[in-house]
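User: Please take a close look at a single part of this structure and explain its surroundings in a connected way.

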Amino acid sequence: LQRETDLVALAQTGTGKTASFGLPILHNLNPMSKHTQALIISPTRELCLQITNDLKNYSKYMGHVNIVAVYGGSSITEQIRGLRAGAQIIVATPGRLIDLIDRKAVKLEQVETVVLDEADEMLNMGFQEDMEAILAHTPEEKITGLFSATMPREIRTIANKYLKESVEVSSGKKNSASISHQYAVVQAKDKLAALKRIIDFNQDFFGIVFCTTRIETQDISDALIKAGYNADCLHGDLSQQQRDKVMGKFRKRTV
């Protein structure tokens with residue numbers, strides 16, 4: 001993003017996207033100026049926090065760089081306080097950012113760089129209108145980076161509408177990882193037993209079990225814990241603090 005051109009980047013998860021946009025943003029940042037110079041939009045709270053932590057690590061020796069994460073499920077008052085202290089970089093989920101724009105708590109008039117990270121995921125989650133509304137609040141003259149694992153028609157439409165003479169790059173081959181798919185057909189009453197067999201069969205199992213409902217997530221997690229497995233659950237009824245705690249344990253592999 002150092003060159004004066006917009007960017008469309010097709011990149012799978014794990015290809016170093018945060019560094020690829022984060023390091024140029026920090027390189028071009030004016031630490032003496034308190035106004036918001038860069039805006040990074042991501043689909044989920046967890047990714048929002050991950051990007052924020054990465055940027056804080058990258059800027060550790062730069063002096064005072066104020067990076068503020070804004071996302072739902074956490075105190076909006078504290079986030080407004082962080083923004084008022086002078087957030088040079090804002091990392092945000094779309095819904096909370098729209099809320100802050102409506103409250104006039106965030107100023108995007110002097111933003112120089114905007115990054116849409118995992119743009120296809122934001123589309124899948126129904127954030128297209130929010131994305132377009134946010135981009136409409138940013139200045140005409142800026143660098144825009146759009147990062148996506150896939151390029152559906154809607155993403156191409158957003159790129160054509162909001163990016164000027166963009167360069168398109170691709171990192172890594174699509175589905176280049178060696179992935180095998182297996183499935184088992186079992187009756188509903190046998191699903192938990194089958195799941196436990198799968199976990200037992202795979203030595204040092206470390207994985208994620210996706211469920212249909214929040215209640216099912218909690219029930220399966222409770223059943224696994226009761227059976228002696230290091231499990232925990234993650235769903236929308238948990239507070240942000242609880243979600244952060246679960247993700248922290250998962251990263252440390254204590255779950």
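**A loop residue and a helix**

Analyst: Met 151 is found in the loop between strand S6 (143–148) and helix H7 (153–162); helices (H or I, at least four residues) and strands (E, at least two) are DSSP runs, numbered from the N terminus. Residues are numbered from 1 along each chain as its sequence is written. This is a predicted model, in which local features need pLDDT of at least 70, side-chain atom pairs count only at pLDDT 80 or more, and totals for chains, interfaces and linings use all residues, while side-chain values use heavy atoms and leave out hydrogens and water.

Met 151 has a relative accessible area of 22% and is therefore partly exposed; buried means under 20%, exposed over 50%, and partly exposed in between (1.4 Å probe, protein chains only). Leaving aside neighbours within four places in sequence, Met 151 is in contact with Val 8, Leu 10 and Arg 156, where contact means heavy atoms within 4.5 Å. Met 151 and Val 8 are 143 residues apart in sequence, and their C-alpha atoms are 9.6 Å apart in space.

Helix H2 (residues 45–58) offers a second view. The end C-alpha atoms of its 14 residues are 20 Å apart, which agrees with the expected 20 Å, a span defined as 1.5 Å times one less than the number of residues. Among the buried residues of H2 are Leu 47, Cys 48 and Ile 51, and Cys 48 has a relative accessible area of 0%. The buried residues of H2 pack against several elements, including helix H1 (17–28) and helix H10 (240–251).
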